[in-house]
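The following exercises concern a single protein model. Please work through each task before reading its solution.

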Amino acid sequence: IMCQLEVRMPDRDWNLLTTFFPSNWQKLAMDNDVNKGLRQDKSIEDLLRVLLIHFACGYSLRETVVRAKNADLANMSDVALLKRLRKCKEWLRNLCLSLFVENGIVFGRNKNNLQFRLFDATHVKEPGKTGSLWRIHYSFQVPDMQCDFFKITKTEGKGNSEDLSKFPINSGDYIIVDRGYAHATGIAYAVNK
């Protein structure tokens with residue numbers, strides 16, 4: 001629905017989509033000061049619509065603001081959208097945490113106070129026919145639900161594969177990875193930390 005947006009989404013579609021949000025999504029926005037700095041004629045609802053266009057469709061910041069303007073959701077520059085994204089970081093994190101809680105998944109420190117780190121990598125391609133391909137190595141903490149590390153490398157060439165040595169590892173870290181990281185040198189690197 002969001003990716004086909006050329007005009008404002010009908011209210012019935014938006015109302016259906018909001019049923020998938022945590023029940024307190026608007027309060028979370030207020031608690032995280034997301035509304036601070038919004039123009040008087042714009043709402044948190046419109047802001048979230050713009051963010052969803054960007055996230056769900058994978059549009060660049062520039063294309064997102066053009067689509068948002070055409071849909072009469074927002075009139076801002078791509079730089080303003082980037083600033084707004086940064087400002088919404090904690091709100092978006094709390095939205096995700098609230099979704100987990102509402103679905104019976106409660107995050108908190110376990111009895112042993114363990115912190116798990118999930119490592120993975122993915123490819124991203126710059127826009128355009130000749131856009132470069134890059135690999136993002138990413139570390140995510142559970143139960144804190146925070147990114148604690150990322151690194152961008154080329155996708156080809158020596159030393160650019162998925163490997164544990166791309167990540168800073170501390171003694172006592174509990175690391176979860178997929179089988180793509182099952183290389184002797186990477187495992188040795190992690191064990192020696």
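**Exercise 1.** Which helices and strands each supply at least two residues of the lining of the largest pocket?

*Solution.* The model is predicted: local features need pLDDT of at least 70, side-chain atom pairs count only at pLDDT 80 or more, and totals for chains, interfaces and linings use all residues. Residues are numbered from 1 along each chain as its sequence is written, and side-chain values use heavy atoms, with hydrogens and water left out.

Step 1. Helices (H or I, at least four residues) and strands (E, at least two) are DSSP runs numbered from the N terminus. The elements sought are α3 (44–57), α5 (78–87), α6 (89–102), β1 (116–125), β2 and β3.

Step 2. Among these, α6 gives the most, with five residues.

Step 3. A pocket is an open set of points on a 1 Å grid over the protein atoms alone, where a 1.4 Å probe fits, with protein on both sides within 12 Å along at least five of seven lines; lining residues have an atom within 4 Å of a point. The lining comprises 22 residues, and H54, F55, I136, Y138 and F150 lie nearest the centre.

Step 4. By class, the lining has 14 nonpolar, two polar and six charged residues. Here Ala, Val, Leu, Ile, Met, Phe, Trp, Tyr, Cys and Pro count as nonpolar, Asp, Glu, Lys and Arg as charged, and the others, Gly among them, as polar.

**Exercise 2.** State the strand order of the open sheet and identify its edges.

*Solution.* Step 1. The four strands run in the order β3-β2-β1-β4, with mixed pairing; two strands pair if DSSP finds at least two bridges between them.

Step 2. β3 (146–154) and β4 (174–176) each pair on one side only, and are the edge strands.

Step 3. β2 (residues 133–142) is joined to β3 by eight bridges in the antiparallel sense. In this pairing, H137 has K151 of β3 as its bridge partner.

**Exercise 3.** Describe how α4 packs against α5.

*Solution.* Step 1. The axes of α4 (residues 61–70) and α5 lie 8 Å apart, at an angle of about 100°. Axes are lines fitted to C-alpha atoms, for helices over the stretch in contact, and angles run from 0 to 180 degrees between N-to-C directions.

Step 2. The two helices α4 and α5 are therefore roughly perpendicular, a term for angles of 65 to 115 degrees.

Step 3. In contact (heavy atoms within 4.5 Å) are L61, R62, T64 and V65 of α4 with D78, L81, L82 and L85 of α5. These residues divide into five nonpolar, one polar and two charged.

Note on methods. Parallel < 35°, antiparallel > 145°, perpendicular 65-115°, else oblique.
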